[in-house]
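Visitor: Please show me the model, and then let us go through its charged pairs one at a time.

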Amino acid sequence: MKVKLLMQLFISFFKIGMISFGGGYAVIPLFQRELVEYRKWVEIDELTDMMSIAQTLPGIIFVNSATIVGYKIGRFWGAFFATLASITPTFVLILVITAYFWKYTDNPILVKAFTGVLLGVSSLVIYSITKMWKTAVKNYFDIILVVLSTLLLLIFKVNAIIVIIGTASIGFLGNLLIFKAGGMNK
Amino acid sequence: MKLLDLFITFIKIGAFSFGGGYAMIPFFEKEIYMHNWSSAGDYTKVIALAQVLPGPFAIDSSAYIGYKVGGIVGSLLASIALSLPSFLALIIITRYYIQFKSNTYLQIAFTGVRPAVIGMLISSAYILGMQSFFTSIQALISMTALKAIILILAGFFILRFTKINPLVYIAIFAVLGIVLF
């Protein structure tokens with residue numbers, strides 16, 4: 001029985017991994033269809049909660065959500081197989097391309113297409129910044145953190161890990177002060 | 001030794017990259033450059049290819065970089081390392097997730113990360129769209145740079161005002177790239 005469940009988990013996340021295009025947030029409707037409506041493993045409210053945890057933690061949002069749903073349904077091995085299934089299709093495809101078809105990526109027409117696609121992705125990222133802005137930036141202090149982290153990354157070429165740890169610590173202390181001050185005013 | 005270095009680097013990226021795949025671009029870019037793992041041009045090809053391949057973009061990156069460093073074994077190691085930190089964290093957290101959700105100090109800690117994620121995304125947008133034009137004054141004021149800026153703006157408005165299918169969106173930009181560059 002357990003084996004059958006683990007297989008179903010693997011198949012479900014493999015399937016989603018095969019048809020998900022367009023980044024972490026685009027998987028939500030696919031999750032709804034497969035996990036809520038078809039398999040009936042989770043309720044829609046639960047899924048929303050799970051997605052918010054998946055987005056809060058570091059790592060890949062889609063893979064994180066596979067881990068959470070997998071754990072809920074099949075504990076450790078559920079999480080293991082769901083996570084494995086979520087990365088397998090991409091992994092195999094890019095590996096085959098890199099190993100056997102890489103020489104075609106020098107084709108001038110393809111290079112031009114890539115140039116266009118990268119610009120499209122750039123807009124995609126800018127668009128996601130505007131969508132995140134309201135929840136991420138709440139006061140002037142946050143704006144300073146945005147500017148600081150951008151400058152450190154782009155102008156001073158500081159390692160991204162150091163920038164994250166640094167700005168997150170400053171952000172934590174700053175927001176803690178703001179939280180405490182707000183608490184006293186009440 | 002190279003494989004160990006690869007494994008540790010991807011563990012670090014997996015543990016500290018908040019905000020999902022696109023916010024990881026500055027991490028990958030920096031590490032590729034520091035370790036001399038691949039040329040910057042080849043890595044941008046992976047970013048473009050990832051758009052037409054299904055699944056998480058970060059795995060395209062880890063599998064590609066890992067393959068460059070140590071073949072299939074490298075590719076496996078890098079992808080496992082990238083997913084491992086959050087996998088372990090989530091197994092612990094999911095068990096206590098009600099407490100996790102309502103813990104004020106944790107919430108504050110994650111609030112502090114969010115502006116940095118915006119910073120990461122701004123750098124990603126720059127790396128993807130504009131970095132190649134900031135190499136010289138000539139490149140910056142060229143016709144190509146102007147076309148690029150117009151395309152980026154067009155893309156933004158398409159996304160903002162339509163509900164376009166992601167694959168159709170990418171296909172349009174591929175065609176525009178072939179026609180305009």
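Visitor: Are B:Lys45 and B:Asp42 buried or exposed?
Guide: This is a predicted model. A residue counts as buried under 20% relative accessible area. In the model, B:Lys45 and B:Asp42 are both buried.

Visitor: Which helix of chain B holds B:Lys45 and B:Asp42?
Guide: The two residues form a salt bridge, with the closest N and O atoms 3.5 Å apart. They are three residues apart, about one turn of the helix. Both belong to helix 3 (residues 40-52) of chain B.

Visitor: Which residue of chain A forms a salt bridge with B:Lys45?
Guide: Between chain A and chain B the count is one salt bridge. Its closest N and O atoms are 2.7 Å apart. The partner of B:Lys45 in chain A is A:Asp106.

Visitor: How much area do chain A and chain B bury between them?
Guide: The contact involves 84 residues of chain A and 92 residues of chain B. Carbon and sulfur atoms account for 80% of the buried area. The area buried between the two chains is about 8,300 Å².

Visitor: Which three residues supply more than any other three of the area that chain A buries against chain B?
Guide: Together they supply 8% of the area that chain A buries there. They are A:Phe21, A:Leu119 and A:Ile164.

Visitor: How far apart in sequence are the parts tied together by A:Glu34 and A:Lys15?
Guide: A:Glu34 forms a salt bridge with A:Lys15, the closest N and O atoms being 3.1 Å apart. A:Glu34 lies in helix 2 (residues 28-38) of chain A and A:Lys15 in helix 1 (residues 2-19), so the pair ties together parts separated by 19 residues.

Visitor: Which of the classes buried, partly exposed or exposed fits A:Lys15?
Guide: Its partner A:Glu34 has 7% relative accessibility and counts as buried. A:Lys15 has 37% relative accessibility, and the partly exposed class runs between 20% and 50%. A:Lys15 is therefore partly exposed.

Visitor: Which residue is linked with A:Lys15 and A:Glu34 in a network of salt bridges?
Guide: The pair of A:Glu34 and A:Lys15 is a salt bridge in its own right. The network also includes A:Arg39.

Visitor: Which helix of chain A holds A:Lys72?
Guide: A:Lys72 forms a salt bridge with A:Glu46, the closest N and O atoms being 3.2 Å apart. The pair links distant parts of the chain, 26 residues apart. A:Glu46 is in helix 3 (residues 44-56) of chain A, and A:Lys72 is in helix 4 (residues 61-101).

How values were computed
Residues numbered from 1 in each chain as written. Chains lettered and ligands numbered in written order. Predicted model: local features only at pLDDT ≥ 70, side-chain atom pairs only at ≥ 80, totals over all residues. Heavy atoms only, no water. Contact = heavy atoms within 4.5 Å. Buried area = accessible area lost by both parts, 1.4 Å probe. Salt bridge = Lys/Arg side-chain N within 4 Å of Asp/Glu carboxyl O. Helix = DSSP H or I, 4+ residues; strand = E, 2+ residues; numbered from the N terminus. Buried < 20%, exposed > 50% of the residue type's maximum accessible area, 1.4 Å probe, protein only.
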